[in-house]
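Here are my notes on the entry you sent round. Please read them with the coordinates open.

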Amino acid sequence: MAQTPAVPADAPASPVAASPDTPADAPDGKPNALPNVDLNSELLYKLTRAELEFKNGQWQGPYVTMMMAAQQTRDPRLARRASEMALAAKQGGEALAAIRLWRELAPDSDEATQFFLGFVVLSDKIEEAEPIFAQRIAAAPPGSRGVALFQTQQILARANDKLFAYAMLARLMEPYLDMFEAHLVLAQGALSIGERERAIAEANKALAIKPGSELSVLTLAQVTGEPQAAGQVLAAFLEKNPDAVEVRAAYARMLVEQKQLEPARTQFLALLKTQPDNVGALYALGIVSLQLEDAKGAEQYFKRFLAVLEKSPGEDRDPFKALMMLSQIAEARNDIPGAIAWLDKVDSSTSGGYLDARLRRAQLMARSGDLDGARKTLADTKVDDPAAQGQLLLVDAQLLRDGGYVQSAYTVLQNALVRFPDNPELLYDYALLAERLDKLDLMEASLRRVMQIAPDNQHAYNALGYSLAERNIRLPEALALIERALQMAPGDPFIMDSMGWVQFRMGNLPAAEDALRRAYAVRPDPEIAVHLGEVLWQKGDKDEAQKLWREAQGKDPKNDALKSTLARLNVSL
């Protein structure tokens, strides 16, 4: 049985729906000659009915109607429409049949040929593509033939039979081996079938033909497969071609990936000497400078990045990330007004990060003591997405909670859940506030609801398990809940802390100590230190317990868990 090609995830986008007034295309941009179709009432009825049925979710009947009409009228637009219907229904075999007919009726249509090639390479009739590729390459003007070679490789790269596709590619490139592009195409093809040595050889041949080709050396670096060797290839090329912008940028990015930050910064700075307004280099220098703990330098580069964007409105870049970085830099030096000023520059109409900027603005205002202003920021933020609306309410409650207004925070979430009853983030925070207000049944019900809505939410399992362990009730159930959470997030230090605590409550001191030590090693959090200290105290290691508690006190003198533990054990540090 012939193999039916599936509709690939990266299949070409469907053509625009054809109408009787839409001409099929030709390579020179002129319409193909179209048949003089008599659009009589019977044909119009059939086509209109097919479109209505297709709009209502049917595809097979409308597809057959379009195919029959195309065969009868010899109009390629109807075959194209049939291919659209099959593509929308993810019917690869029917799509290919319609595209074959479309190409038969419009043999000069580049669009039909592109669709045909895209599908036939996925079938068991891939050999049908070879003469078409050969004709297209030969017909290409010399100045654009290289592009035709690359397009051929890109289409064949999607073939199911990689070895057959590469053999075909090699035959197609044979007449053009005096072109460096042909060797680059062969290098990419060889890499796709695991022939690394051949890929390297072909990339070197491309460089021999055109020694200054940035594309050739970038391909050679790619196919080497070893970061250090690739870096040496690029560095050697830059020695001879210091103005090679793309190669220098690639080399700098490679150094960043290898954590060689100072050499990477040197390369980006060299790139700026050639192109002072290179936004990619300016942004990268900001990031690298931050990683090198050079906040002043990072600030300078991010500001220059924004200045260049402002001068180049056509630049397709969102300044959001740079603005957020500048806000964080200002915040780190305790310049809260400056941090807020940067956030206020995020454009509500163009930036996808507008909501994040507003949320952060509110958090900074609350931190500086202006809780009312923070809440007004949230109230004035207009968003249409229900998830975003829920997030605004969630942060509003968190600000109230952190400000000590637990009951008010609880009320905000209670009202929010009337609007968004199945929002797991709202339910989770609502449960934690309910626990603080001693509404334990409501807390448990809310967490179990989170488990139903989002069964992979480890925090809900952990919170309920820890709550049961903290109250020293239903300990086997608490253990099972925490084990479930730990399965989902085995490296989470807070879940490891919960595991240690429930083991302590169950009297398993060695297991408790092991879990808490692992948690503290991952994150030396004061509350984990409090729990580990109590386990050690019960084991008789009181000196190490007091040492841990003093560390916790130094980090968070007002920690409630530490205060209550010391008071309960009658310990004075």
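The points below go from the whole chain to two residues.

1. Status. This is a predicted model. Please keep that in mind when reading each value below.

2. Secondary structure. The protein has 31 helices. Strands number zero.

3. Overall dimensions. The radius of gyration is 33 Å, against a value near 25 Å for a compact globule of 573 residues. Along the principal axes, the C-alpha trace spans about 95 × 70 × 50 Å.

4. Burial and surface. Of the 573 residues, 47% count as buried. The accessible surface is about 29000 Å². Carbon and sulfur atoms account for 51% of that surface.

5. Contact range. Take the contacts between residues at least 6 apart in sequence. Of these, 51% join residues at least 24 apart.

6. Charge. There are 63 positive and 77 negative side chains. The centres of the two sets lie 3 Å apart.

7. Thr152, setting. Thr152 sits in helix 7, which runs over residues 145-156. Is Thr152 buried or exposed? Thr152 counts as buried because its relative accessibility is 3%, and the cut-off for buried is under 20%.

8. Thr152, partners. Which residues does Thr152 touch, leaving out those up to four places away in sequence? They are Phe133, Ile137, Leu169 and Leu172. The side chain of Thr152 also has a polar atom 2.8 Å from the backbone oxygen of Ala148. Both Ala148 and Thr152 fall within the 145-156 range of helix 7.

9. Asn278, setting. Asn278 is in a loop. That loop joins helix 14 (261-274) to helix 15 (279-291). Despite the loop position, Asn278 is buried, at a relative accessible area of 16%. That value is under the 20% cut-off, so Asn278 is classed as buried.

10. Asn278, packing. Setting aside neighbours within four places in sequence, Asn278 contacts Val245, Leu271 and Leu272. Val245 is 33 residues away along the chain. The C-alpha atoms of Asn278 and Val245 are 9.9 Å apart. Leu271 and Leu272 lie within the 261-274 range of helix 14.

11. Asn278, polar contacts. Which backbone nitrogen does the side chain of Asn278 reach at 3.0 Å? That of Gly280. A polar atom of the Asn278 side chain also lies 2.9 Å from the backbone nitrogen of Ala281. Gly280 and Ala281 fall within the 279-291 range of helix 15.

Note on methods: Residues are numbered from 1 along each chain as its sequence is written. This is a predicted model: local features need pLDDT of at least 70, side-chain atom pairs count only at pLDDT 80 or more; totals for chains, interfaces and linings use all residues. Side-chain values use heavy atoms; hydrogens and water are left out. Helices (H or I, at least four residues) and strands (E, at least two) are DSSP runs, numbered from the N terminus. The radius of gyration is taken over C-alpha atoms; the globule rule is 2.2 Å times the number of residues to the power 0.38. Buried means under 20% relative accessible area, exposed over 50%, partly exposed in between (1.4 Å probe, protein chains only). Contact means heavy atoms within 4.5 Å. Accessible areas come from the Shrake-Rupley method with a 1.4 Å probe; for residues, only the protein chains shown count as cover. Lys and Arg count as positive and Asp and Glu as negative; His and the chain ends are not counted. The place of a charge is taken as NZ of Lys, CZ of Arg, CG of Asp or CD of Glu. A polar contact is a pair of N or O atoms within 3.5 Å; within protein, one must be able to donate a hydrogen and the other to accept it, and residues adjacent in sequence count only if both atoms are side-chain atoms.
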